[in-house]
Amino acid sequence: LQWYEKLRDTAAMHKMYSWQLLGLFHTARLSFMLAKTEEAMHQMQEYLSLQVQVGRTNCALFECGQCQQDVDDESDLGPSLLTCGACGVARYCDKAHQEESWNCKKHHHSHKIVCPLLKRW
């Protein structure tokens, strides 16, 4: 748990959103497994809020380095990023990244798990 908390905090300091999201996701999961329900809920709320913020301007595929841009205004993007039709939050630079993110088993961080949560959030 402490390792993921350090990952989350270090990533936040350097605006490394993918790593920050990963840290938040796993601290929430581990807190829940340790019966720290209130802490887990707080971490998940923070995760979902950041996912919405970052999801508007960055490809949601964790490993994508070509489009991890930091865009101040969503209108600057134009039609360049595809949007998930189910949650309306996650965006992708192409169809291949959308499919890979949906089926991703790395880091237990697939969009298939998060999509229903984002849809309700």
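This report walks through the predicted model of the protein chain, from its overall layout to a few local details.

## Overall layout

The protein chain holds 5 helices and 2 strands. Starting from the N terminus, these elements follow the order α-α-α-β-β-α-α.

Of the 121 residues in the protein chain, 42% count as buried. The protein chain exposes about 7200 Å², and carbon and sulfur atoms supply 55% of that area. If we take the contacts between residues at least 6 apart in sequence, 53% of them join residues at least 24 apart.

## Helix H4 and its surroundings

Let us begin with helix H4, which spans residues 95-103 and has His97, Gln98 and Ser101 as its buried residues. Viewed down the axis of H4, these buried residues fall within an arc of 105 degrees, so they line one face of the helix.

What do the buried residues of H4 pack against? Their partners are strand E1 (82-83), strand E2 (91-92) and helix H5 (111-120). At the N-terminal end of H4, aspartate 94 acts as the cap: one of its side-chain oxygens lies 3.3 Å from the backbone nitrogen of alanine 96.

## Arginine 91 in strand E2

Strand E2 is also home to arginine 91. Is arginine 91 buried or exposed? With a relative accessibility of 7%, arginine 91 counts as buried, because the cut-off for buried is under 20%. The side chain of arginine 91 makes a polar contact with the side chain of threonine 83, at 3.4 Å.

## Where H3 meets H5

Two packed helices are described by the angle between their axes and the distance between the axes. For helix H3 (residues 37-55) and H5, the axes come within 11 Å and cross at roughly 85 degrees. Angles of 65 to 115 degrees count as roughly perpendicular, and H3 and H5 are therefore roughly perpendicular to each other.

Which residues meet here? From H3 come Met44, Tyr47, Leu48, Gln51 and Val52, and on the H5 side they meet Val114, Leu117 and Leu118. H5 thus appears in two places in this report: with H3, and as a packing partner for the buried residues of H4.

## A loop residue worth a look

Between helix H2 (17-33) and H3 there is a loop, and alanine 35 sits in it. Although alanine 35 is not a glycine, it has a positive phi of about 65 degrees. Its relative accessibility is 65%, so alanine 35 counts as exposed, given that exposed means over 50%.

Methods: Residues numbered from 1 in each chain as written. Predicted model: local features only at pLDDT ≥ 70, side-chain atom pairs only at ≥ 80, totals over all residues. Heavy atoms only, no water. Helix = DSSP H or I, 4+ residues; strand = E, 2+ residues; numbered from the N terminus. Buried < 20%, exposed > 50% of the residue type's maximum accessible area, 1.4 Å probe, protein only. Contact = heavy atoms within 4.5 Å. Areas by Shrake-Rupley, 256 points an atom, 1.4 Å probe, with all protein chains shown as cover. Arc of directions from axis to C-beta. Polar contact = N/O pair within 3.5 Å; in protein donor to acceptor, adjacent residues only side chain to side chain. Axes fitted to C-alpha atoms, helices over the stretch in contact; angles between N-to-C directions. Parallel < 35°, antiparallel > 145°, perpendicular 65-115°, else oblique.
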